[in-house]
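Here's a short set of exercises to work through with the coordinates open. Try each task before reading its solution.

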Amino acid sequence: MGENEITYEPAMTPDDVGATEHVPPAMTQKSLNDDILRMIGKPGKVWWAVFLLDLTILAIGLIAERNQIVQGIGVAGHTRPVMWASYVTNFVFWVGIAHCGTLVSAILFLFRSHFRRAVYRIAEAMTVFGVMTAGLFPIVHLGRPWFPYWLFPYPTQRGLWPNFRSPLEWDVFAVTTYLTVSSIFFLVGIIPDAAAARDRAKHWFMKLLYTGFSFGWTGGNNQWKHFYSAYLYFAALATPLVLSVHSVVSWDFAVAQVPGWHSTIFAPYFVAGAIFSGVALVINLLIIIRKGFKLEHIVTLDHMEKLSKLVLLTSTIVGYSYLVEFFSAWYGPNAYERNMFWWRFTGHFWWAAWIMFSCNVIFPLALWFKPVRRNMPVLFVLMLLVNVGMWFERFVIIVSSLAHPFEPNSWGVNYRMSWTEAAILAGSFAWFGMFFLIFVRVLPAFSIAELKETLAAPMRRKR
Amino acid sequence: MSEDVVFNRRDFLKLAGIGAAATLSGCAQPPTDRLIPYLIAPDNILPGVATWYASTCRECPAGCGLLVKTREGRVIKVEGNPAHPVNQGALCGRGQATLQGLYNPDRIASPMAREDGAWKKITWEDALKRAAEKLGQAVRDHRGVAIITENATGSFEKLAGEWAGAAGGTHLVYEPFSYESLREANRRCFGLSAVPHFDFERAKMVVSFGADFLETFGSPVAQARGFAAMRARPESGFFVAVEPRLSLTGANADQWVAVRPGGEIALALGMARVILTEGLGAGDKSLGEAVAAYTPEAVEQQSDVPAELVQRLARRFAASRPSLAVAGGIASQSEQSVALIAAVNLLNQVAGNVGETVRFDRTLNFDAVAPFGEVQRLIQSMDAGQIDVLVVHGANPVYAAPAWSGFAAAMDKVQYRISLSGMMDETSDRCDLLLPSLHALESLGDAEPARGVWSLLQPTMKPVPMFDAHPAGDTLIALAKASGFGAFPAAWSEYLVARWQPLHKRFGAGKSWGAFWDESLARGGVWEEPDATQVKWSGSPAFAAPALKGGSGPALVLYASPNHYDGRGANKPWLQELPDPTTKAVWNSWVEIHPETAAGLGLAMGDPVKVETSAGSVTAPAYLYAGIRKDCVAIPLGQGHTAYGRYANGRGVNALDLLPASQDAASGAVAYLTARVRISKAAGPADLAMTQREKQQADRQIAQIIPVAVLLGTAPAPARRDTSESVPGGPGSSAHEVEEVEAFNSRPGKYTEPREMKPGEKTPAHAVTAYEPIHRARAARQIPISEGAYKNAQHRWAMAIDLNSCNGCQACVVACSAENNVPTVGPDLIQRGREMMWIRIERYEEKLDAAASSSRNDVRFVPMMCQQCGDAPCEPVCPVYATYHNPEGLNAQVYNRCVGTRYCSNNCPYKVRSFNFFDYSAPEKPTFAFPEPLNWQLNPDVTVRSKGVMEKCTFCVQRILEGKGNARDENRPLKDGEIQPACAQGCPTQAIVFGDLMDPESRVSKHSHGERRYWALNDLNTKPGITYLKKMERETA
Amino acid sequence: MKRALALATVVMLIATPAVASAQSFWAQLGAVKGPVQPIKFPHDIHAGKLGMDCLYCHYGAEKSPLANIPAVSICMGCHKIAVADRPEVQKLAQYWDSGKSIPWVPVYMLPSHVKFNHKRHVRAGITCQECHGPVEKMAVVYQYPSLKMGWCITCHRERQNRADSQNPTIMDCLTCHH
Amino acid sequence: MKPPAALARLLNPPPPKYHGVLGVFYYVDDAADAVRALRSAGLGPLSIFSPIPHHDLEHAMEQGTSLVRWVTFSGGLLGITLGFTLCIYSVLSWPLVVGGKELISLPPFVVIGYESMILLGALFNLLGMLALGRLPQVQSKAPYDPRFSEDKIGIWVPGHGETLKQAEQLLRGHQAEEVHVHA
């Protein structure tokens, strides 16, 4: 390794997407500083309106959850054989959402694709809040939600330990690790920007806050050296982590022998799906923010287009996985599997299956066309559809597989989503939204330092 | 028996394990409320140890013997009395549910009087005073007094009779299912008015003309046992069901003859004619002219049964000696029911079965039951205002007598009506005074259910304290004394003892009365082998086919509900939640319609359908059933109660309202098969809660059959679809098996080839399965665990279930619920797939065709409970070890460790794990399943599960532990069959065998290695601990 | 809500073992006295001074899963005559005469999902004191062990690891939880 | 509005007495040249403040590579060991058979080991960074200027007396925008 191992060429060469394409020359380090730090500060009426609405929805969700704890999980729509339904669906959905952040910040970092610099902070925030949301659902869906700590390995007088062979136990490790690592990654990235914010902060409290976030950063050469070295290893650790986490989540299903679950393709298929939905949500958020905060010159159409190409790629992977699943079900010897997949698209939940297929495979085909990729309203709608589709993908995998098990005796008992579940689902979005709304107002939503690197470093002598 | 049991309520709850929710956190509780010991140490009660008493079941007239299990003076379970001649140890579901009659929260709590329309609690003194006033008045003025009782038989019936006599009144023994036509027909044919004893065990072929002898007809438990014995013989045991609607009994038939309603007579006579004309019969040859008219063609014409089928049936019937034809059952009671039964008698006579399989030795005791004619006379005199006082005990004619009889209206004309019934019912509700009687399990008494059987009832517990009831006998005596008539002993017990003196002389030769009495109580009664009464043919009545009233619509088939009998079971949640064996519907009535007929009306499953006759109309959900003729609809009886407690009221409809006035020509018995109906789609949403919606097994091989020819070695084994029978390389594995195993193993995710074990290495108990021979370890590389608790286990518990014996009666389901504190959840939750039963009987209708009346009938029943898999899919997925494999091969479920991820249930291929979606054990919750005093029944040896935990069958591990403990106390090895789970114990046909696979001599080992064995969903390689034995498939006639 | 649950979790984690150990610790010190009983029945005199066998009154312990609380009749067996003048004994007599039984305050309570079998333990030759402590020295009986699962298990483990370990299911969950 | 007194002290602590020269640059190449000159003159140890890292400066400073990698590596190693140890210990401490699998069934344990490796790796990485980068720091060891987080580059030359003069000249010589001398 060595310096050449960590390269931050000031963007000079035209082939470097980091600079010439993305940043109008008018921009200087100072203007960048001001533009981005402008976002922090007294929120306006619109922000407050959205925030209060958000809190209301969250409250409704919490009431539903309380009722469920008091009455029993029966207030949700679960039945035998559909013992998992919307809650596990939400869990997988949110974990999926959480994946794009690490992808953009870590994987693209290792790939040196500089366009990430404009978007990765948003993506990372989304990751952290996404995991925080996902982490709720394993507890929400428990029959006895007051005992979640029994899943953690801690020494007790009973001498009991959790069962490390259970995929649910793997989840405990994967998700907690992911939450920890992605939060650290997020906060470390913020350090230099927090310093910048601190140096501009007027109010003593904000000063205190940013001093905290900046760890007293001064941009000394020694700090930069270890900072970037560590940052590299965070990326290097987060990359395998992000792949492992959704693989583990997919094994919740793949390890069971339920027809429709028991499939080796699940890990890559889930990871692709996760990135698919995650990037889609990032695009939605960016479209709102760049408009709301007038940052079109920082997050340019090229950024958006690059992201939507990522969506297109993952969409094709997901579509391929669907087809392969069906093919192997049809081609393989397993009659249960074959019957299952036929039922999935023609049986009681056919509509869900078709929503999934059209939203994830058919509609994204529009992204093959440049005008679509650069048309923000259209892109926004398209990405919303993608996330609807991805939610239904998990729903179909979980519910329709369970509803048609080996034993014909239990066929025909069909799951119906209850109001409690709907309220808790809405609440989960509100929970996520609450953190995100606070985030954009309190922390620099774009990496100032890294964006400055995209500018031509000021040189007296021209090279 | 027991002394003063002074536990307070909380302690009952604690013993019953209720409030588990509060304590499941696992923390030791701080000392809370009081613990109240006995005042005087009772000699026969040791807290924590069960005491057993013998008694007699009073849920139906069959009178099975009971063993009643009590703990701390509470009855917690009833089981069949193995010594008892009627049921020999088994007990049907209705019998098991008698507990919920005892502890029914809607029992009458104290004497009550009706004052201006409302019920008012009064004291016994007051009550007796009021009653005596009216009664004395009536007796003094020689006005009419009548007493109606159920068919109690034995001393109480006598007492009631004497009481009525002394009061100058009438005594009416009322049973809705009175076997009146049967007795009348036998009187005419054999000169003996009796319900004969049908010996199914000896029969080599049985033809049932609508008799549901596995459900309600005669003595079901005894008959089921005999039937199973007959069916166990591959070379014979052919069974044909002749009925328009396939009953549970019919579902067990090899062949279903979907005869036109009322055509049974023609078929019976036609068969007789064939036998006579072809001279096949062993019996009476002189009856030719009686049946001359019934040529096979004529029969086909009258009954839709193909002529050549009539001949084939007849020839086979005559050829298999002795054979047996049975007629009876409500569903076939038409205006010609005596004629029908006489025709069947004739058939038996010519085939030479009378005295062989139709015997008059141990006849069922219906002698005292009043013919419907008498009931009508009473109704008339009540109507005419000639009856001043009416006393009712046990019987519920207001509900059970058809509406047209006008009983209710007439009863209202009686001046003063007294009910001695312990439970509020429709009849009691129309009374002026309630003098509640004790439940059978609380009272002393006797019964003579069959000839040569004197069965005793004894108080198995102190009367449930919240109900202030008296023994019915004492009440009668007290009434008589108070109103000054008759001369009765001071107490009912004295009367009983007096009546037993002759029996003492007869059976207690040389014994003191005390010794004899105690022995008899302990044994459950006294009995003797009755002498065989020989009967001669004494002519038959005129035969005619019944005409059905009312237009050209489908015929109405009413049948007795296997769960509720004549309706007296409807107040017991267990029986309400027990799925109907035919439809698997619960908590409701329904109208069974052939799918094609339904399609014509645009009816889907569960749609409300309106059924109308001239007499009335009812609306109930439709059940689309291929097992019924297109020109029939069927409705079960027993539901539609109006005043029979919270569990019965407003559930379903009382189909008796549909009956037009119609009686049997010869006997005057109520005709149930008599009307044609108009059916139409009614408004409203589909609403029928069923525990099993899909009745096709979609080639999943869960219920399997094997042709008898294969068993007899006269035909090669059919090519197999999967290897669910084969033990790879196991003992007796043939070449083709091995090939199959190769093919099977080459399929993805399947069995890995087991390795030879090192010398001295032995498979530990938990790894032993019937699936795999003991001399092998479970699979390559995998060395079975032999550490810690797994070191020196000596048992591998397993079960073998014979689908050939299982007739789908579901006694095991109720037994299981009673033993394991399984809550009932009600129809709404069941509709959402949340039933809690640990064992269910799955019904698979492979071939069910009303049109092809000559074809094979293939309905299969599979008892499905936790398979206790050797390699259980549910275990590894639990994150907290709440379910794991115990050293003795049980698939353990630790309720208090469960956090409720429900992953295990998802991964269970058999879907036998039930989840506590709500709190069924917390008294303050609306979902509470055991309202006081139902919770008194809870088994203290089994934890009552709380909200949010998974539960399932454990092979009754509490019984296993108890059994092992007893063996250890006596310092001896366990005996095979010593430990019996509740389901195996209660099974009338002994279809369920439980034992230890480690012991090669045990019955379960032998069964598990027999040639009929297979494992459900075996290609998942779960290595189940339950081995199924295939049902035998016989050649049809 | 996650926060709340997490907090609750932490609190439980700390509290449960702490309470547990504290309880047993003080109990062993004898600092915590048992509950006040309707009659001050002195075990130290009956079991200690008089050396009566525990099973004389609690005879259920060797015959039944439950160790019975003696019926009043058993007390009166002796106390009709013996020291009938003592006030506490007169209290007893009052209960007897009024036909009421004595509302003892239970000292040992197990949650209902634990099935403890006295018979098995007594027959395995475990003395009462091993679990109930020096009752013969207790004027007032108090809960001697913690009654935590850990407390049960330590003994079970130790016995399982013995060479002569008789009971194969001594460490099986189902043995106590069913 | 004013912060509470305690906070105020924490936020802007009384500036310590610095001894040295602070040069403020805008152009990176100027700064780099200055650094080279200063170091060749044997002044230092220098510390440089910049809003973003500049290679020219790093080259000029001839910094070695960071040691964080080793901390991270050992963390990962510890993690995977602990993960497997936990699993194996727990199944042996109370053997329970599930699904007829072996007690020590490694494949599932790999997941646990893997995740704990990453967890501890990341935590150690963080600690390494903080420790080596002297973070969090309450008091900068050189006079800090808010513009250093915006677009200015600062070069701090500690020293007394003569060195101050020399450093000042060198800095001015390389067109430092400002030069502050703390004598």
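**Exercise 1. Find which residues A:Thr218 touches, leaving out those up to four places away in sequence.**

Solution. Keep in mind that this is a predicted model.
- Step 1: locate the residue. A:Thr218 sits in the loop between helix H7 (204-214) and helix H8 (221-254) of chain A.
- Step 2: list the contacts. A:Thr218 touches A:Gln223, and from chain D it meets D:Phe49, D:Gln137, D:Ser140 and D:Tyr144.
- Step 3: look for polar partners. The side chains of A:Thr218 and D:Gln137 make a polar contact of 3.3 Å.
- Step 4: check the accessibility. The relative accessible area of A:Thr218 is 9%, so this residue is buried.

**Exercise 2. Describe the contact between chain D and chain A: how many residues does each chain give, and what area is buried?**

Solution.
- Step 1: count residues. Chain D supplies 75 residues and chain A supplies 69 residues.
- Step 2: pick a size. An interface is often sized by the accessible area lost when its parts come together. For chain D and chain A, the buried area is about 6300 Å², and carbon and sulfur atoms give 65% of that.
- Step 3: go through the polar side. There are 26 residue pairs in polar contact between chain D and chain A, both residues being at pLDDT 80 or more. The salt bridges between these chains number 3. One of them pairs D:Glu150 with A:Lys30, with the closest N and O atoms 2.9 Å apart.
- Step 4: assign the chain D side to elements. Those that give two or more residues are helix H1 (5-11), helix H2 (28-40), strand S2 (47-49), helix H3 (55-61), helix H4 (68-93) and helix H5 (106-132) of chain D. The largest share, 16 residues, comes from H5(D).
- Step 5: sort by type. The side of chain D that touches chain A has 43 nonpolar, 19 polar and 13 charged residues.

**Exercise 3. Work out how far apart in sequence B:Asp106 and B:Arg646 are, and do likewise for B:Glu519 and B:Arg523.**

Solution.
- Step 1: take the first pair. B:Asp106 and B:Arg646 form a salt bridge, with closest N and O atoms 3.0 Å apart. This pair links distant parts of the chain, 540 residues apart: B:Asp106 is in the loop between helix H4 (98-102) and strand S4 (112-115) of chain B, and B:Arg646 is in the loop between strand S24 (632-636) and strand S25 (678-681) of chain B.
- Step 2: compare with the cut-offs. B:Asp106, at 18%, is buried, while B:Arg646, at 44%, is partly exposed.
- Step 3: take the second pair. B:Glu519 and B:Arg523 also form a salt bridge, at 3.8 Å between the closest N and O atoms. They're 4 residues apart in helix H21 (residues 513-523) of chain B, so about one helical turn separates them.
- Step 4: check their exposure. B:Glu519 is partly exposed at 32% relative accessibility, and B:Arg523 is partly exposed at 32% too.

**Exercise 4. Why is there no disulfide between C:Cys176 and C:Cys152?**

Solution.
- Step 1: get the distance. The closest cysteine sulfur to that of C:Cys176 belongs to C:Cys152, 6.7 Å away.
- Step 2: apply the cut-off. A disulfide needs the sulfur atoms within 2.5 Å, so C:Cys176 and C:Cys152 are too far apart for a bond.
- Step 3: zoom out. Over all chains, the count is 0 disulfides.

Notes. Residues are numbered from 1 along each chain as its sequence is written. Chains are lettered from A and ligands numbered from 1 in the order in which they are written. This is a predicted model: local features need pLDDT of at least 70, side-chain atom pairs count only at pLDDT 80 or more; totals for chains, interfaces and linings use all residues. Side-chain values use heavy atoms; hydrogens and water are left out. Contact means heavy atoms within 4.5 Å. Buried area is the accessible area (1.4 Å probe) that two parts lose on being put together, summed over both. A salt bridge is a side-chain nitrogen of Lys or Arg within 4 Å of a carboxyl oxygen of Asp or Glu. A polar contact is a pair of N or O atoms within 3.5 Å; within protein, one must be able to donate a hydrogen and the other to accept it, and residues adjacent in sequence count only if both atoms are side-chain atoms. Ala, Val, Leu, Ile, Met, Phe, Trp, Tyr, Cys and Pro count as nonpolar, Asp, Glu, Lys and Arg as charged, and the others, Gly among them, as polar. Buried means under 20% relative accessible area, exposed over 50%, partly exposed in between (1.4 Å probe, protein chains only).
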